Amino acid sequence: MITGLESNEQSRTKRELFIIAVITAACLIPFINKAYHIDDTLFLWSAEQIQSDPIRAYDYSANWYGTPMPMSEIMQNPPLTSYFIAAVTGIFGWDEIPLHLAFFIPAVITIMGTYFIARSFCQQAVLAALIASFTPAFMISSTNVMSDVLMLSFYVSGIALWIHGLRRNKPWFLLSSALLIGLSALAKYYGATALLLVTVYTLFEKRKLHRSLFYLIIPIGLLIFYQYFTKSIYGHGLLSSAANYSIEVASKEWKHFFDKSFIGLAFTGGCMVSSVFMIPLLWPRKVWIPGFIGLSSLVLILLMTKGALLEFSLQNETGYKWPQIIQLTLFITITLHLLILVAYDVASGKDSVSILLGCWILGTLVFSTFFNWTTNGRTLLPMAPAIGILIARQYERRQQTRVQPLTTSSQFKTRICLSGALTLGALFALATTWADYAWANSHRKAAHLIMDELQPTQETIGFQGHWGFQYYMEKLGATAVDFKAPATTSQRYVIIPQNNTSKRHPPGNYRYLKTITLPACPSASTMGYPIGAGFYTSIWGPLPFYFGDTPEEKFFIYKRLF
């Protein structure tokens, strides 16, 4: 029998879930026709393969690094996302809009899962969910069709069910959690870290080896089966291959420990930049103002002293690159604040909750900075729910420790400030997402313009560069250049996008013909080597995105002479 109190609580929960779901969807809807982008292409290719051979998702070759290779060697993610894409496109086709709509579902589930985890740890569950939703890492990733948000939806749902099942001794919740964690790992290998998080939480919550941990045999068993199954098909286990690839690439960067540390801090602060607007609501003014100024001043001095981060110089012929330095200073300071907040939460709570959040945030930061093949916004995405919960806990703690009780007037003022902070965070995230959206669409538009212009000549058209540009060029009939092929190929024209990867100057029997220039977003960019923006890979630069004057997208056309 449900009491009146329980009924009110259920109604409140449904109302709050509806609110955060609508807000999240409303933020994503403007990007519903975004072009396929970056590694979307790999997942789309594998989905096509699955529709013809559901067992062998990676049993085909593709030119992704400049020459054809087996997809089982190219792809460093498990195939669950491609199965999801294959199911959706099998019903609705390959148009961008229905597929983006389908991927909005795991995005909304992620925010709902954040809400349920937060509700176990604090009263400000809606606040935690909205802060997570308004991070650039979450919003940009939710407009792609890669594995990140699908993985995270299983990840947070699994953790939420584990917490509920452990606290209320419900075996079915623990079983469901174990299955979801396994699915998370089969969507993206990083999902397996949820095993570590729930284990740590259980040990600190129960203060012993608890029988619930036996349920974790399920996701471990799934990963072992996947390793040996893929080895039987492709000749090597894809799980171990991905781990070896990441370790091999990351190990070469340890000599750049300090530069990598700065970049990891900058990416984290940028990808979680919405948290900066909450700072005045988390600490007394006499604490946060001098603290923020002091930290940012220290960071600024260190950056000016270093002069460069890896291959990106912070100076040019006229002096310091102040736009980049200022943004780096801001983002690094934001991360330092988050690390202080983690330490404060642990010191204040000293319980399983604070340990869980601390391990969640620090583990993601360390992995993305030092163990992944590159630092990027996608690998930092998993910390967004934990950041939201951490800030919500501190906000609640701040409200409870005020010396004087809040009057009606001060309560109204606090609500206005809170709404303003969330709105600013949302606008910033929307701005970065729009920059990524504009860049993706410029490459789709370029592919259509180029092919419309050159196809009437009935000449074979080749191209360099990959990502979404490759997807559209191949769909329109062009062929990726094979760098190992002879210089005198049948490709009469070769198109080279400036802001792309895996490119080289064409052979001497090609001459420059013309340049097609298209605008993207004039005031912000998520990827641009000259400006130091590299949301998808820090190889492009030390900033996850850049605000300021950005170059237009250029596509160079070369014609073969003989």
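Colleague: In this predicted model, are Arg393 and Asp345 buried or exposed, and how do their side chains meet?

Modeller: Both Arg393 and Asp345 are buried, a term that stands for under 20% relative accessible area. Their side chains come together in a salt bridge, with 3.2 Å from N to O. Arg393 belongs to helix H19 (residues 384-400) and Asp345 to helix H16 (residues 322-349), so that the contact links distant parts of the chain, 48 residues apart.

Colleague: How many salt bridges does a search of the whole structure find, and which residue forms one with Glu96?

Modeller: The criterion is a side-chain nitrogen of Lys or Arg within 4 Å of a carboxyl oxygen of Asp or Glu, and a search of the whole structure finds 13 salt bridges. Glu96 pairs with Arg444, where the closest N and O atoms are 3.2 Å apart. This pair also links distant parts of the chain, as Glu96 sits in helix H5 (residues 96-121) and Arg444 in helix H20 (residues 408-454), with their positions 348 residues apart. Both Glu96 and Arg444 are buried.

Colleague: What parts does the salt bridge between Asp148 and Lys188 tie together, and which residues are linked with them in a network?

Modeller: In this salt bridge the closest N and O atoms are 2.4 Å apart. Asp148 lies in helix H8 (residues 148-168), whereas Lys188 is in the loop between helix H9 (171-187) and helix H10 (193-206), so the pair ties together parts that are 40 residues apart in sequence. Asp148 is buried, as is Lys188. The network of salt bridges links these two residues with Asp39 and Arg378.

Colleague: How should I read helix H13, and what span should its residues have?

Modeller: One can set the expected span beside the distance between the end C-alpha atoms: at 1.5 Å a residue, the 15 residues of H13 (residues 257-271) should span 21 Å, and the ends are 21 Å apart, which agrees. As for its surroundings, 13 of the 15 residues of H13 are buried, and the helix is therefore largely enclosed by the rest of the structure.

Colleague: Turning to the surface, which residues make the nonpolar patch, and where is Ile539 placed?

Modeller: Residues enter such a patch with over 30% relative accessible area and no salt bridge. Here Tyr65, Tyr245, Trp373 and Ile539 make a nonpolar surface patch of about 390 Å². Ile539 is found in the loop between strand E13 (533-534) and strand E14 (546-547). With a relative accessible area of 55%, Ile539 counts as exposed, because that term applies to values over 50%.

Technical notes
Residues are numbered from 1 along each chain as its sequence is written. This is a predicted model: local features need pLDDT of at least 70, side-chain atom pairs count only at pLDDT 80 or more; totals for chains, interfaces and linings use all residues. Side-chain values use heavy atoms; hydrogens and water are left out. Patches are made of residues with over 30% relative accessible area and no salt bridge: like charges are joined within 9 Å, nonpolar side chains (Val, Leu, Ile, Met, Phe, Trp, Tyr) within 5 Å. Accessible areas come from the Shrake-Rupley method with a 1.4 Å probe; for residues, only the protein chains shown count as cover. Helices (H or I, at least four residues) and strands (E, at least two) are DSSP runs, numbered from the N terminus. Buried means under 20% relative accessible area, exposed over 50%, partly exposed in between (1.4 Å probe, protein chains only). The expected span of a helix is 1.5 Å times one less than its number of residues.
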